[in-house]
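Trainee: Please take a close look at the cysteines in this structure, and say which of them are bonded. Then place them in their surroundings.

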Amino acid sequence: MDSQTEESSDQFSGRLGLIFATIGAAIGTGNIWRFPRMVGANGGGSFLIPWLIFLFLWSIPLIIAEFALGKRSRVGTVGTFRIFAGRRFAWMGLWTAWINCAIGFYYAVVTGWCLNYFQIAIRGGLSQEVDTTEVWNSFLQSPWQVIFFQMITVLITLAAIWGGARAIEKANVTLMVSLFVLLFAALFLSFVMDVKDGSLDGFIYMFSIQPEYLVQPETWINGLSQSAWSCSAGMGMAITYSVYMRKDEDTTLNAATMCLANNSISIIAGLTVMMAVFSVSPDPLGAVSGGSSAITFLVLPEVFAQAPGGPIVQLAMVAIFFLALSFAALTSMISTVELCVRNFVDHGFDRSKSVALTGVAIFLFGIPSAVLWIKIDPSTGVAFPQFLEVQDHIWGYGLMFSGLFMAYTIWKYGWSRYKAWQSDNGVEGFNLRDYLDHGVSAFRDDYINTGDNDWWIGRWWDYIMYLGFPLMFSVLMLSYFADLLANVDDPWNPANPHGISIILLFWGVTASLFVGFNKVLISRPLFRNVPEGAETSIDMLPGGSDPHIFQVGDELPDHVIEELGLA
Amino acid sequence: MASQPSSNPGRKRLSNPGAPVTAILLPFLLSMLSPVALAPITTAQESDSGTSPEDIWSIEYANQIFPWGSHGDSDQLQFQSYHDYFSLKQRMQTLAAYYPDFLQFNEGLLGGFNARGDVMTSGEYEGWYYNHPSPWMKITGNVQGGSYNDFNGDDGNYADRPDVMLVGNHHAREWMSYEVPMFFLETIAFYYGKAGVDNDGDGLIDEDGWDGIDNDGDCLMLNSSFQDSNGDGNPCGPGDLGVDEDFSEQFITDMVNTREIYLIPMLNVDGNRYDREEFCGETAWENCYQSGWRKNLRDNTHTGVTPIPDIDEAVDEGCDGVDLNRNYQFEWGAPLGATGPLFPGFCYADGPNNDVYNGPANTEDNDGDGQINEDHVDGKDDDADGQTDEDWWGGNTEPETKFIQDLTEMNDDDMDGASDFKSTLTWHSFSELVLWPWGHCTNCYSPDDEYLVYHGQMMGQMTDYAPMQSSDLYPTTGDFCDWHYGVHNSYCYTIEIGNAFHENPEDIAHISVRNLGVPFYMIEMADDPRYRAIVGIENTTSTQWLEYPTNVSVPSDGDIPVGLCLDPMFPFSPDVEMTHLMWRFVEPTRQQNDFGPTDWIEVPWERSGFNETSVQCTLLDGSNGTRLVSLIPLPDTSVGKIQYKAMLGTTNGAFPFTYPTVEDGGNYYELSIPYRAGFGDAILSTLMFLVIATFVWGGLGFTLREMFSDDERILGMPPEEIPILAVINPGKGK
């Protein structure tokens, strides 16, 4: 409880810092190893169309909402839901934080793989004559190695966030700028490879529209899911980072910049991978449309090792690629951990202690994913971490609910504003026109188009949040479960780690625990990280009546200290 | 000549006929050295193009001089001229007298109560016209021992010896059909009890048995002008010098000692005498090369109710006679390929199909139940009275067919009520065929089809005759084999010898040689033809293979062909229900797990039929197989794997074999299929790139510029909102 001794609030140095931090959160392994596979499996250019459309239909609107929420609440996810959705819904923020944590557990392991591959690459261990399957299998089957690199990841992450917003900013700026440089270097080398091959067919495939793919629902669903995951929209990252925003920053253009930057990187990474694979692989589409870790850790080292220009260039290429991949993963790791840490700090815990606690937790709970159930795929002889895979299976789609909760918050706010308008004007009964004008648009009017922004958000955003989002959310969820029903044996058996029951079981247990825990959450004081001069008085927000919300640096009133037994 | 210097030193070293120890060891030495010995043979062939039969073999073998003694007519013994009934019978008697240990001559049957309760006299087995019973030879080791059959009149009946019936000359004009049995008889008579004879005088022993293949490669050593010595256009094929020329005498001895062989070289004595003495003459090959008298000599205008009295008692060539091979009772009278009488005893002079007249109908109440012809012989209980085939429509009306029927039904050494003849063979001519049941129906298959096919193909390979189901040639009812198989469940084959009814005399010998292996094959399988077929089929299937994924060549577009190498002996059914390639296309799911192994879409199996090609392939044992090809229809845009396996079935589905086999360790093969279609158009993709780049990179640039511009305007703000904003945030503005 010594936040009082710190600076009154913790902030990014400027707008660019926030941009870099959010871009770092958005850009992760999904851009570099998932995107090329989706392009390969969904008909090249045909995939880019839904992918781009859903960027505007899903990612940007949700990020706009996140920024708007975070900018005003000035607290992490738990506090944001407590303030905006109401005291009974603080658990929604806890869910968001937990899903991020749960993903962070195994994401640290995955980041560790990338780091390890980088160090293997610079030591020349991924040259042409190396059997990449052998490298992969022996690495995955050496638990101490995997844990070692997982630990390195956690340490780097902790170092980056230990010092708060400024440190995070520095780390993100450094890593992101390096990532851009590295990716452009890799892109150049890939381009040379594909041109030398004589046909530039990787480029051509990636940008060729195959009409039959455009009429397949799968292409559109995959475009949506890629947009939904890749930008981290609705996952609470933007809420967390906007806590450190300076007082009068534009949030809407930030959202667009962040998502467009994410997609730009996707294209660069996609082109790099596609051109390289197409230039050397006899079956390029077979290579890129298989399992994701396979293409990244088995195919790409092989492909880059065949780059023209001799061993030095080849070594450079594979090292560059894995360094870029590591950086992308690290920045996502940073945002994941920071999201958890922020929630602790919000509730009055010491930042250093919170960081240490989260770091240790991420490390310890990640160990099972690192070493448990390392299996060999009988059809290919390639090792894979089944425990990690099951974790991803369980929590991956849980992430989508955070987005739904945010939408719920916005709907709820709109409805309460409509009711308030009705009572103010003595109107009885429901009128759609009035609801549209005074309810639906309320959140946008009150928190988005605040005048700080460079980009006016129109009514289209309301339609997306009220109609488009629930529709897209349902399609995503239903298609995922329908796919499980169709393609998984015995999906209702709770013991089946790939089934549906196990997901519902974990979600159900977690959600009930959190709902039960809600009382404890809202009894804690909440400290808002408000910059000086910002007009974000708690009284202007829906949670204004919460007696336990304070600003960082406020003295706690005596009755609160007594009430909470903090004396 | 055996002592003639060979041009091949490698083989000379091996030949040392004087030493008995070496003779015993020779087969072992040979088996070990055969690959070594084969190599110089090929070079010898190339270097010495003048190799003639005499250079390799004894003069006797090279000139087809058979080793049996010069009793009687030496031309007939050497198969340079035809036997007639009398010389044939005399030769049989001579041999029986000379080799009483294993040959016993018989004529007709003695008679008595037969299996269906009729009293038969020996005279009822004598031909209608010349009144000869059919001569036959009982061949078995210790033929004087065993039990005596007082109906058939033969000794040497042993309950534990499988019986084989070999019948020649159902049809009078088919002269080779009794010469081949006589050649077979001479072979047995001469070689029984011998072992280790160098039949061809090349110094090797038993190196080339009956299988239709030049196992020792000596025919191939000949100058090519000698390789097709029988002139059938197939060099070093069955019947040529050097092919199957050195069989195992021990095998012959063993067979005779463990089987009872009933050899009936000339069943239709009446018809044969008439053909030779009246219809065609002694030199029938000159005027009756592919014609002659076929039937027996039943007087159709004399017996029974006859509207036209047969006054002169002479043979009425337009009407008389019954086709013996349409006169057996099984499915007798069904109108396929046989002529029934419109009225009993009636005959159409010069009518169509008169040559296949199946004999008079039966109007008796055979079982004495007051009904007539209520249970036809077809293996079923037509009247559902608990008895099968007890009141027949007709058939077995002739002395010759009665003889076969009673010989079969009264020969029950093990007293089990069923025929002892597990395998039966009948020789005919001509067309170079091996036929098996059924004959009475088309597009039908017997319950033992695949086994019959298997043995038939083995004998077809042995003779280079075409194997097929009898009715695939043309349907026949009431024939020998349908009766033996249909009534007595005996594996029965019909061999159609040669290319004429009356072959030229100089062809008798080599045609006989070509057909010699078949009766031995039938004798050998007589212990359990079905089991031998099962084992044989399974052996052939172990050498067959389905194309391994690395050997499948995926074409750059279109269907993907997958091959299967089939043993020609395998009784394969081309029906897609029985034989097909099972395949399924599996592709990675489009929504992959990011960290696990590749997820594949599960799809149901599909089937593609196999088509035979003329391409040869090499079976796993190195012999030649037939390549079957199945086409997998897959779009060029597919990327993934094809999993495939082959189901290889026989007609009745008794043998559904799966490839890859279990020993190959997997239930299917997996073939990676690359993307085969075009990747796209360069110009269109560049345009698309520009669109995407404009949106994404251009958009990014635009937002960044807006973000850091000092311009205070708000993007996209509708003009009417401006005053409201100004009210809400009056303090804003720098």
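Mentor: Cys280(B) has a relative accessibility of 8%, so Cys280(B) counts as buried, the cut-off being under 20%. This is a predicted model, and every value below is computed from it. Cys288(B), the partner of Cys280(B) in a disulfide, is likewise buried, because its relative accessibility is 6%. The two sulfur atoms are 2.1 Å apart. The torsion about the S-S bond is -95 degrees, which makes the link of Cys280(B) and Cys288(B) left-handed.

Another disulfide in chain B runs from Cys481(B) to Cys492(B), with an S to S distance of 2.1 Å. This link is also left-handed, at -70 degrees about the S-S bond. The pair ties together distant parts of the chain: Cys481(B) sits in helix H15 (residues 480-488) of chain B and Cys492(B) in strand S12 (residues 491-497) of chain B, eleven residues apart. Both Cys481(B) and Cys492(B) are buried.

In chain A, Cys101(A) is joined to Cys340(A) by a disulfide with an S to S distance of 2.5 Å. The link spans 239 residues, from helix H5 of chain A, where Cys101(A) lies, to helix H16 (residues 310-346) of chain A, which holds Cys340(A). Cys101(A) has 14% relative accessibility and therefore counts as buried. Cys340(A), at 3%, counts as buried too. The disulfides described so far are among the six that the structure holds over all chains.

Which cysteine sulfur is closest to that of Cys231(A), and how far away is it? The closest one belongs to Cys259(A), at 3.4 Å; that is too far for a bond, so Cys231(A) is not paired with Cys259(A) in a disulfide. The cut-off for a disulfide is sulfur atoms within 2.5 Å. Seen from the other side, the closest cysteine sulfur to that of Cys259(A) is in Cys231(A), again 3.4 Å away and too far for a bond. Cys231(A) is buried, with a relative accessible area of 1%, and Cys259(A) is buried with 0%.

Helix H5 of chain A, which carries Cys101(A), deserves a further look. H5(A) covers residues 90-122, 33 residues in total. From its first C-alpha to its last it reaches 47 Å, close to the 48 Å expected at 1.5 Å a residue. H5(A) is not straight, however: a bend of about 35 degrees is found at Phe105(A). Most of the helix is covered, with 30 of its 33 residues buried. Just after H5(A), Gly124(A) adopts a positive phi of about 80 degrees.

Chain B has backbone features of its own. Two peptide bonds in it are described here as cis. One joins Pro437(B) and Trp438(B), with omega about 0 degrees. Trp438(B) belongs to the loop between strand S10 (433-436) and helix H13 (449-463) of chain B. The other joins Tyr659(B) and Pro660(B), with omega about 5 degrees, and Pro660(B) is placed in the loop between strand S19 (657-659) and strand S20 (669-673) of chain B.

Positive phi values also turn up in chain B at residues other than glycine. Asp244(B) has a phi near 55 degrees and is found in the loop between helix H8 (218-221) and helix H9 (249-258) of chain B. Met415(B), with a positive phi of about 55 degrees, lies in the loop between helix H12 (399-409) and strand S9 (421-429) of chain B. Their surroundings contrast: Asp244(B) is buried, with a relative accessible area of 9%, while Met415(B) is exposed at 70%.

That leaves the contact between the two chains. In chain B, 48 residues touch 71 residues of chain A. Chain B and chain A bury about 5100 Å² between them, and 64% of that area is on carbon and sulfur atoms. Arg590(B), Phe595(B) and Phe679(B) provide 20% of the area that chain B buries against chain A, more than any other three residues. The count of salt bridges between chain B and chain A is zero.

Methods. Residues numbered from 1 in each chain as written. Chains lettered and ligands numbered in written order. Predicted model: local features only at pLDDT ≥ 70, side-chain atom pairs only at ≥ 80, totals over all residues. Heavy atoms only, no water. Helix = DSSP H or I, 4+ residues; strand = E, 2+ residues; numbered from the N terminus. Expected span 1.5 Å × (residues − 1). Bend = angle between axes of the 7 residues up to and from the residue. Buried < 20%, exposed > 50% of the residue type's maximum accessible area, 1.4 Å probe, protein only. Contact = heavy atoms within 4.5 Å. Buried area = accessible area lost by both parts, 1.4 Å probe. Salt bridge = Lys/Arg side-chain N within 4 Å of Asp/Glu carboxyl O.
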